Amino acid sequence: MSITRRSASRSVRILGVASASAALALGVAGQALACSITEFSAEATCAGDKGSIVVSDKDGSGTPAVITVFSKSDAGVEKQIGKPENVKGTAEGATVTFAEDWKPNATYRVHVKAGNKVDEDIKPDLVTPATACKKEESSTPSAPASTKPSKPSTPTATPTPSASESSSAPAGAPSNAPSPAAGDSNLAETGASSNTPLIAGVAGALVVVGGGAVYFGMRRRGAKSGS
């Protein structure tokens with residue numbers, strides 16, 4: 001089967017369109033894999049009361065990049081934060097963190113250097129939130145202060161009543177003890193008296209004197225009867 005001129009011309013046109021489409025597809029794919037500043041971003045974050053600046057790299061080509069962060073004062077004076085950090089991007093995103101206790105509404109310039117493809121700042125400059133980082137409150141309740149039991153106080157000694165106070169009863173107070181008989185009271189009192197020896201001596205002397213008087217009286221009466 002012979003190929004006509006018309007068929008050959010149509011085949012050439014089809015091949016040309018296919019080649020152009022393939023070139024366009026390859027160009028788009030190459031651009032998609034190329035490193036671009038648009039694949040970098042920065043934000044100010046907080047970890048408790050500590051601030052930091054986090055830079056993300058979503059470069060699917062994995063081109064190594066060097067990130068440098070500068071703080072900018074109102075007068076335009078810049079100060080480098082820490083040291084430059086290396087990052088290798090991924091399609092999901094790779095991050096690098098700069099510790100910085102940033103102030104509210106502060107401005108930072110973030111520079112990216114990725115081989116010979118990117119050498120520029122992330123635009124616009126990073127401006128921190130209007131509220132500073134706050135210290136997180138602990139959810140764990142604090143342990144209560146230990147309370148030691150107080151030492152028991154020494155009881156005050158009750159004064160022992162004296163013998164006179166204990167023996168003497170208030171006037172008119174009834175007494176449960178039976179009262180002793182009158183005779184027993186005299187005997188007990190006589191036996192307990194300390195004057196018993198003296199009384200016995202006087203009684204003995206009186207007996208002697210009385211006996212002598214009786215003796216002399218009887219002799220005298222006998223003498224009168226004999227005369």
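This passage describes a group of paired strands, one buried isoleucine and one disulfide in a predicted model.

Strand β2 spans residues 50–57. Seven of its eight residues are buried, so the strand is largely enclosed by the rest of the structure. Two partners flank the description of β2. The first to be considered is strand β1, residues 40–47. β1 and β2 run antiparallel and are paired over eight bridges. Within this pairing, Ala44 lies opposite Ile53 of β2. The two strands form a hairpin, with two residues between them. Gly48 sits in the turn and has a positive phi of about 70°.

The other partner is strand β6, residues 94–99. Its pairing with β2 is also antiparallel and extends over six bridges. Here Ile53 stands opposite Phe98 of β6. Ile53 therefore has Ala44 across from it in the pairing with β1, and Phe98 across from it in the pairing with β6.Strand β3 covers residues 64–72 and holds Ile67. Ile67 is buried, because its relative accessible area is 0%, and the cut-off for burial is under 20%. Leaving aside residues up to four places away in sequence, Ile67 touches Phe40, Val55, Pro84, Glu85, Val87, Val96, Phe98, Val110, His111 and Val112. One of these contacts, Phe40, belongs to β1, which spans residues 40–47. Val55 falls within β2, residues 50–57. Val96 and Phe98 fall within β6, residues 94–99. Phe98 is also the residue that stands opposite Ile53. Asp121 lies 54 residues from Ile67 along the chain, and their C-alpha atoms are separated by 9.5 Å.

A search of the whole structure finds one disulfide. This bond joins Cys46 to Cys133, with an S to S distance of 1.9 Å. The angle about the S-S bond is -80°, and the link is left-handed. The disulfide connects distant parts of the chain, as the two cysteines are 87 residues apart. Cys46 is in strand β1, whereas Cys133 is in the loop between β9 (126–127) and α2 (163–167).

The two ends of the link fall into separate exposure classes. Cys46 is partly exposed, with a relative accessible area of 42%. Cys133 counts as buried because its relative accessibility is 18%, and the limit is under 20%. Another cysteine, Cys35, also counts as buried, at 7% relative accessibility.

Note on methods: Residues numbered from 1 in each chain as written. Predicted model: local features only at pLDDT ≥ 70, side-chain atom pairs only at ≥ 80, totals over all residues. Heavy atoms only, no water. Helix = DSSP H or I, 4+ residues; strand = E, 2+ residues; numbered from the N terminus. Buried < 20%, exposed > 50% of the residue type's maximum accessible area, 1.4 Å probe, protein only. Contact = heavy atoms within 4.5 Å. Pairing = 2+ DSSP bridges. Disulfide = S-S within 2.5 Å.
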